[in-house]
Amino acid sequence: MSWASGWRVEKDSIENEIQAISDEVKLKEQAVAEVCSSIEELKVTLHQANSELDQSNAKLKYAEEKSRVAEVQKTETLAAATERLQKLEAEHKKLGGVLAEVNNITRGYAEPSTGNELAQS
């Protein structure tokens, strides 16, 4: 084997090694690109999920506030109704007393006289 043919074999071997390394680098670059693409897709998905979560939180906060307002209104309405009921009960009691007095007065007029009452007066 001559020096030139030995050199050519060595050169071909080195070129084959370089090509194999180049092919491996291309595969790794492709894998990195795929991972980067997946990361970008995950970022978009995460952004959408965060946006949906923000919307859900806003809706929940609105519903809680609406519920709180309704509870306050219900409490105020109940307080007003209780106050009105107490006033009506007091008026009823007062009218009951007046009615009892009227009944007592009218009972005296409604009872038949026995004649003794006339004699006593």
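At 45% relative accessibility, Arg 68 falls in the partly exposed class, and that makes a handy way into this predicted model. The side chain of Arg 68 meets that of Glu 65 in a salt bridge, with an N to O distance of 2.7 Å. Glu 65 is partly exposed as well, its relative accessibility being 39%. The two residues sit three positions apart in helix 1, so about one helical turn separates Glu 65 from Arg 68.

That helix runs from residue 3 to residue 110. In terms of secondary structure, the protein chain boils down to two helices and zero strands. Burial is quickly dealt with: of the 121 residues in the chain, 0% count as buried. Since buried means under 20% relative accessible area, the partly exposed label on Glu 65, at 39%, follows from its value lying between that cut-off and the 50% above which a residue is exposed. The accessible surface of the chain adds up to about 11,300 Å², and carbon and sulfur atoms account for 59% of that area.

Back to the charged pairs. The salt-bridge count comes to six, the Glu 65 and Arg 68 pair being one of them. Another links Glu 24 to Lys 28, where the closest N and O atoms are 3.3 Å apart. Here the spacing is four residues within helix 1, which means that about one helical turn lies between Glu 24 and Lys 28. The partners fall into separate accessibility classes: Glu 24 is partly exposed, with a relative accessible area of 42%, whereas Lys 28 counts as exposed at 51%. The cut-off for exposed is over 50%, so Lys 28 qualifies with its 51%.

Glu 83 and Lys 87 form a salt bridge too, and their closest N and O atoms are 3.4 Å apart. Both residues belong to helix 1, with four residues, or about one turn of the helix, between their positions. Glu 83 is partly exposed, as its relative accessibility is 44%.

Helix 1 also has something to show on the nonpolar side. Val 102 lies in this helix and joins Val 98 and Leu 99 in a nonpolar surface patch. Together the three residues offer about 250 Å² of accessible area. Val 102 itself is partly exposed, with a relative accessible area of 40%. Patch members need over 30% relative accessible area, so Val 102 clears that bar with its 40%.

Definitions and conventions: Residues numbered from 1 in each chain as written. Predicted model: local features only at pLDDT ≥ 70, side-chain atom pairs only at ≥ 80, totals over all residues. Heavy atoms only, no water. Patch = residues over 30% accessible without salt bridge, like charges linked within 9 Å, V, L, I, M, F, W, Y side chains within 5 Å. Areas by Shrake-Rupley, 256 points an atom, 1.4 Å probe, with all protein chains shown as cover. Salt bridge = Lys/Arg side-chain N within 4 Å of Asp/Glu carboxyl O. Buried < 20%, exposed > 50% of the residue type's maximum accessible area, 1.4 Å probe, protein only.
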